[in-house]
Amino acid sequence: MPVVEVETRSAEETEALAALLARRLSPGDVVLVSGELGAGKTTFVRGACRALGVTARVTSPTFTIGHRYAGSVEVSHLDLYRFRGLSAAEWGDLEPYFEGAVVFVEWPEAGAAALPSPRASVRLEHVSRGTRRVAVDADDKTLLEEVAGADPGFRHGD
Ligand SMILES: Nc1ncnc2c1ncn2[C@@H]1O[C@H](COP(=O)(O)OP(=O)(O)OP(=O)(O)O)[C@@H](O)[C@H]1O
Ligand SMILES: [Mg+2]
């Protein structure tokens with residue numbers, strides 16, 4: 001899949017970047033959000049949720065399987081951190097989150113074999129305390145253009 005890479009210099013910039021991507025999403029779309037601890041996965045999902053009209057507090061579902069929010073569309077937020085793989089039973093618990101919702105999956109590695117094919121894959125990496133490199137993979141060129149068209153202030157390499 002083609003990749004766009006952007007550097008964000010604050011949590012707010014990561015949220016704004018996620019909002020751009022969110023504009024291209026509709027129910028049924030799955031976005032995988034990976035990266036090490038504290039890389040900004042939940043921050044990214046929070047920005048996307050805001051853009052999708054979610055007004056509820058968006059927090060990490062690390063101690064539950066997921067959250068489902070009502071916005072201008074339904075939005076699910078899953079965190080597979082605790083999983084090593086997904087059994088049929090575990091997948092059964094997760095499946096309802098995918099029905100009629102835009103879905104963001106943190107720590108998607110455990111679900112690699114079971115998850116529907118993603119609309120986009122996002123990877124966040126620490127550059128320094130306030131800076132992150134955000135790589136977005138997607139087949140949808142328009143989606144990538146939206147992301148690449150982010151404020152030049154946070155385009156990679158600028
Ligand atoms: N450019 C940036 N983008 C995103 N977050 C940033 C950035 N700079 C600093 N931060 C800070 O990094 C932290 C990221 O936390 P967040 O919970 O989003 O990470 P996470 O990847 O979801 O972590 P976990 O692996 O625990 O789920 C926040 O405190 C945020 O304010
Ligand atoms: Mg998180």
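Which strands does α2 lie across, and at about what angle does α2 run to β5? In this predicted model, α2 lies across β2, β3, β4 (74-79), β5 and β6 (120-128). Its direction is at about 165° to that of β5.

The strands beneath this question belong to one sheet. Seven strands make up the sheet, which is open. Their order is β1-β7-β6-β2-β5-β4-β3, and the pairing is mixed. The edges are formed by β1 (3-8) and β3 (66-70), each of which pairs on one side only. On average, neighbouring strands of the sheet are turned by 20° against each other, direction ignored. Strands of a sheet pair through backbone hydrogen bonds, either parallel or antiparallel.

Both senses occur here, as the mixed pairing requires. Strand β2 (residues 30-34) pairs with β5 (residues 101-106) in the parallel sense, over four bridges. Within this pair, Val30 stands opposite Val103. Val31 has Phe104 of β5 as its bridge partner. Strand β2 is also joined to β6 by four bridges, and these two strands run parallel. Leu32 is bridged to Ser121 of β6. Ser34 has Arg123 of β6 as its bridge partner. Four of the five residues of β2 are buried, so the strand is largely enclosed by the rest of the structure.

The antiparallel pairs include β6 with β7, joined by seven bridges. A hairpin through two residues connects β6 to β7. In this pair, Ser128 stands opposite Thr131 of β7. Strands β3 and β4 also pair in the antiparallel sense, over five bridges. Arg68 has Ser76 of β4 as its bridge partner. The hairpin from β3 to β4 passes through three residues.

Helix α2 is largely enclosed by the rest of the structure, because ten of its eleven residues are buried. The buried residues are Lys41, Thr42, Thr43, Phe44, Val45, Arg46, Gly47, Ala48, Cys49 and Ala51. Their cover includes α1, β2, β3, β4, β5 and β6. Gly53 follows α2 and has a positive phi, near 85°.

The start of α2 also belongs to the surroundings of ligand 1. The shell around ligand 1 has 19 residues, of which Thr14, Gly40, Lys41, Thr42 and Thr43 come nearest. Two or more shell residues are given by each of α1 (11-22), α2 (41-51) and β7 (131-137). By character, the shell divides into three nonpolar, eleven polar and five charged residues. Lys41, Thr42 and Thr43 thus appear both among the residues that come nearest to ligand 1 and among the buried residues of α2.

Helix α4 (residues 141-148) shows a two-sided pattern of burial. Leu143, Leu144, Glu146 and Val147 are buried. They lie on the same side of α4, because they cover an arc of only 155° around the axis. Lys141, Thr142 and Glu145 are exposed on the other side of α4. An α-helix has 3.6 residues a turn, so residues three or four places apart point the same way. The buried residues of α4 pack against β1, α1, β6 and β7.

Two loop residues were also examined. Ala138 lies in the loop between β7 and α4. Where does Ala138 stand, buried or exposed? Ala138 is buried, because 22 other C-beta atoms lie within 10 Å, and a residue counts as buried at 20 or more. From Ala138 to Val58 the separation is 80 residues in sequence and 24 Å in space, C-alpha to C-alpha.

Trp107 is found in the loop between β5 and β6. Its phi is positive, about 50°, although Trp107 is not a glycine. Most residues other than glycine have a negative phi. Trp107 counts as partly exposed, because it has 19 C-beta neighbours inside 10 Å.

Definitions and conventions:
Residues are numbered from 1 along each chain as its sequence is written. Chains are lettered from A and ligands numbered from 1 in the order in which they are written. This is a predicted model: local features need pLDDT of at least 70, side-chain atom pairs count only at pLDDT 80 or more; totals for chains, interfaces and linings use all residues. A residue is near a molecule or strand if its C-beta atom, placed from the backbone, lies within 6 Å of it. Ala, Val, Leu, Ile, Met, Phe, Trp, Tyr, Cys and Pro count as nonpolar, Asp, Glu, Lys and Arg as charged, and the others, Gly among them, as polar. Two strands pair if DSSP finds at least two bridges between them. Axes are lines fitted to C-alpha atoms, for helices over the stretch in contact, and angles run from 0 to 180 degrees between N-to-C directions. Two residues are in contact if their C-beta atoms, placed from the backbone, lie within 7 Å. A residue is buried if 20 or more other C-beta atoms lie within 10 Å of its own, exposed if 12 or fewer, and partly exposed in between; C-beta atoms are placed from the backbone. The arc is that of the directions from the helix axis to the C-beta atoms.
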